[in-house]
Amino acid sequence: MLSLCILAATLAVVPLIYIFFYTTGAGLTSLNFDFFTALPKPFGEEGGGMVNAIVGTIILIGLGGLFGIPIGILTGIYVSEYSGSLMSNVVKFITDVLSGIPSIVIGIFAYGLIVLPMQRFSALAGGFALGILMIPTVTRITEEMLKLVPHTLREASLALGISRWKTTLRITLRTASSGIITGILLAIARAAGETAPLLFTSFGNSFWSTSLDQPMASIPVQIFNYAISPYDEWHRKAWAGAFVLISIVFIVNLIVRVVTRNKYSGSV
Amino acid sequence: MQEVLINTDIVAEENIPDKSKKGFVALSTEGLTVTFDSRPAISDVNISFLKNKVTSIIGPSGCGKSTLLRSFNYMHDLIPKSEVTGKITVLGKNINEYDSVGLRKKVGMVFQKPNPFPTLSVFENVIAGLKYTGNNKKSELEEICENVLKLSGLWDEVKDRLKVSALALSGGQQQRLCIARTLAVSPDIILMDEPTSALDPISTSKIEESIFHLKQNYTLIIVTHNMQQAARISDYTAYMYLGKLIELASTRKIFTSPSEKLTEEYITGKFG
Amino acid sequence: MFFALSIIFVVLLIIYEMFIDSAPSREKFGFGFIFSSDWEPVKEEFGALTFIYGTVVSSLIALAIALPISIGVAVFLSEIAGKTVGTSIGFLIEILAAIPSIIYGFWGIFVLAPYMRESFQPFLQNYLGFIPLFQGTPFGFGMMTAGIILAIMITPIISSITRDVLKAIPVSQREAAYALGSTKWEAIKMALLNAKSGILGATVLGLGRAVGETMAVTMVIGNRAQIKTSLFEPAYSMASVIANEFAEASGQMHISSLIEVGLILFGVTFIINSLARFLIFSVTKKADMK
């Protein structure tokens, strides 16, 4: 039994280590300065990079975060501070539903809502899809972090004649802020790797573009297009992109680990 | 007003000056009942608290002391399925005439465990109640901060450390910080819910000392499980048992010749 | 308050929009859409059966592999490993859950699929070739590879929730088992039995993730709309067909049919996730009350 359990743990961890080191190995050898500064070259020409996709991913996440993060936080506040009411249970359930919707379905939603009326793929649609995907992550972590704030602090603030809204904003939220920031980081890391909802919203772009009403490149979509191509040169570019993505995920998770550890050990 | 007079009569006659009795009542209740999920925590409590006096509420745990206290500043609002019935008069006005923010500014509260705001400095903690309700004049805030820290006996210990996090203070200092924070809003009545139960004896004596000074300007209502403390600090003492007010009298009378048998049994340690 | 309501609005809008946009296809094909395996954009004949089949089978393969491994991992993390080993492996597995699916897919194309084609599938064929599931040409890209990559992806979810559920069982119950003279393994067995609805919830949640997974599956499943007994054969899943055809869909009926596939996908994941939440909730709620 013991050996079975250890075998299971090994089986679960080995793919991670394999994927991680394979991506790192393949990515590092293909990664160079040009990757971060140069535009993609058409097939047949050596060199080039992904700067348009990197900037694109940043813009798309920025757009998504612009509305995904505030809605996520406010919903988290509502679920936590008004917990117990029927409405907050409904909202909590809906958040769970939203987090379970396949991201490709969110892509269809953004397509119908933005691409169809505009009659073209656009960064706006991609950013919108990423924003929707960020909401449940931010909501859940906001709720959890707010619930960690001792109830006595809210009472203390209310007892001073500070209104409920200001108490939440100035005292509760501020106390939970470091935890909420980690939640936002997690949401960003997740959004950075999302591919499916971008395929037919922001689409892709081999050229430099920062206009929001035009198709826009992004790292994951670029990886996908390169990965399914038959050219070795493009595969190398894709590995470099994969390495960048996996590094973002790894670093963010590490930060979250460290921050939340402090959170639990520090007494309030 | 008539009822209020009757209630004051219940309060130990010997210590009440004859002149204008009604002006001396800071807070009173009539038929106060609080239920949680339709189970009563306190029922039909009639009690009065005199201005500029310290009144202690004692009784075995679960008797409703804290429930009574928390109904004086709408703290039950926070608990779902709680219901408060009966009449509460605060500073001559029915409690219904206050909104929760207005009431809590008149009736401050200090809690069992020190609960300074962890992300704020000592100074910011003291002025939190003013700042977040709209007062932003820095010089004024600094002056108030110094005054209330002096009142709570903390000024000398923290005057050079106003910018440090409130969590850097010791437990006893934190509790005095919480008292200062409550004073800063300039309430008339201060509720204290077992303010020293989480503290060591030295910190306790410092807080008791500041309570003694505070009654010149404030009305204090203190819940305590410590009978010696009630005897040391309060002018009046109320004894509660199973959600009912059993007796309210001058502290001396309660501890020397209580009129109720239940009170006597508790005081003499037969139970509780 | 307003924002909290906006989230409800968003979800309702998603449902409404997909419902409206799939109207042409729903009206033309009716329920036959689910039972037809024709998918011919040129003739405007659409039926989702092959995709539903691909999604269901690849997800079931994934569950069959991931469930025993996840329970082993959860028991290892919650009952056997010490604090340091437990938290570090737990951390590794959390990262595994956070790796973007595009990277799994990419790795699948270049490492897993060739390995399947050259070693694992011929091996199965040699020894278990009498079973129809393991017959035919080992393509590498196909149902089995998709199932395995999904298994890798859902193991972290199932194992971390199972671990939490096991940890939520009160110590007193464990002590009671020991007090009756149980060995450690008997006590663990009892804990697993006690936690069974929570583990079921974790499994169902993993299933929901597998059903909705798009990129990794798209990259290794072979993308051929067919229903074959052999697991070596290429197949197609609901999410993959949307990912592959949506951007280049020809004509309104094609788009509308793809959106109807999306609507089915949404409905299935919605039911699966609600069920999972309910099961997990019922366990942790009980633990909270103790």
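User: Which residue stands opposite Leu191(B) in β7(B)?

Analyst: In this predicted model, Met109(B) is the residue that stands opposite Leu191(B) in β7(B). The wider pairing is that of β6(B) with β7(B), which runs in the parallel sense over four bridges.

User: What makes β6(B) and β7(B) count as a pair?

Analyst: Two strands pair if DSSP finds at least two bridges between them, and β6(B) and β7(B) are joined by four bridges in the parallel sense. The criterion is therefore met. By that criterion β7(B) also pairs with strand β8 (residues 219–223) of chain B, in the parallel sense and over five bridges, with Asp193(B) standing opposite Val223(B) in β8(B).

User: Why is β7(B) described as largely enclosed by the rest of the structure?

Analyst: A residue is buried if 20 or more other C-beta atoms lie within 10 Å of its own, and five of the five residues of strand β7 (residues 189–193) of chain B are buried, so the strand is largely enclosed by the rest of the structure. Ile189(B), Leu191(B) and Asp193(B) point one way from β7(B), whereas Ile190(B) and Met192(B) point the other way, and all are buried. In a regular strand the side chains alternate between the two faces of the sheet.

User: What makes β7(B), helix α8 and β8(B) a right-handed unit?

Analyst: The crossover is called right-handed if, with the strands pointing away from the viewer, the path from the first strand over the helix to the second runs clockwise. β7(B), helix α8 (residues 201–214) of chain B and β8(B) make a right-handed β-α-β unit.

User: Why do β2 and β5 of chain B stand at the edges of their sheet?

Analyst: Four strands of chain B form an open sheet in the order β2-β1-β4-β5, with antiparallel pairing. Within this order β2 (39–50) and β5 (93–94) each have a single partner strand, so one side of each is left without a neighbour in the sheet. For β2(B), strand β1 (residues 25–36) of chain B pairs with it in the antiparallel sense over eight bridges, and Thr35(B) stands opposite Pro40(B) in β2(B).

User: How do you know that chain B is as compact as a globular protein of its length?

Analyst: Chain B comes to eleven helices and ten strands, and its radius of gyration is 18 Å, close to the 19 Å that the globule rule gives for 272 residues, so chain B is as compact as a globular protein of that length. Its C-alpha trace spans about 50 × 45 × 40 Å along the principal axes, and 47% of its 272 residues count as buried. Of the contacts in chain B with a separation of 6 or more, 67% are accounted for by residues 24 or more positions apart.

User: Why does His235(A) count as buried?

Analyst: The cut-off is 20 or more other C-beta atoms within 10 Å, and His235(A), with 20 C-beta neighbours inside 10 Å, therefore counts as buried. His235(A) lies in helix α11 (residues 232–265) of chain A and, not counting residues up to four places away in sequence, touches Tyr226(A) and Ala227(A). The C-alpha atoms of His235(A) and Ile223(A), twelve residues apart along the chain, are separated by 8.2 Å. The chain that holds them has eleven helices and zero strands, and buried residues make up 56% of its 268 residues.

User: How do the chains meet, and which pair shares the most contacts?

Analyst: Two pairs of chains are in contact, and chains A and C share the most contacts. That contact takes 56 residues from chain C and 60 residues from chain A, and helix α1 (residues 2–21) of chain C gives the most to the side of chain C that touches chain A, with eleven residues. The residues of that side divide into 42 nonpolar, ten polar and four charged. In the other pair, 22 residues of chain B are in contact with 17 residues of chain A, and the side of chain B divides into eleven nonpolar, seven polar and four charged residues. Chain B and chain C do not touch, and their nearest C-alpha atoms are 17 Å apart.

User: Which residues does Phe106(C) contact beyond its neighbours within four places in sequence?

Analyst: Phe106(C) is in contact with Ile223(A), Ala227(A), Ala238(A), Ala242(A) and Met219(C) when those neighbours are left aside. Phe106(C) is also one of the residues that touch the most other members of the largest nonpolar core, which has 259 residues.

Methods:
Residues numbered from 1 in each chain as written. Chains lettered and ligands numbered in written order. Predicted model: local features only at pLDDT ≥ 70, side-chain atom pairs only at ≥ 80, totals over all residues. Contact = placed C-beta atoms within 7 Å. Nonpolar A, V, L, I, M, F, W, Y, C, P; charged D, E, K, R; others polar. Helix = DSSP H or I, 4+ residues; strand = E, 2+ residues; numbered from the N terminus. Core = buried A, V, L, I, M, F, W, Y, C linked by C-beta atoms within 7 Å. Buried ≥ 20, exposed ≤ 12 C-beta atoms within 10 Å, placed from the backbone. Rg over C-alpha atoms; globule rule 2.2 N^0.38 Å.
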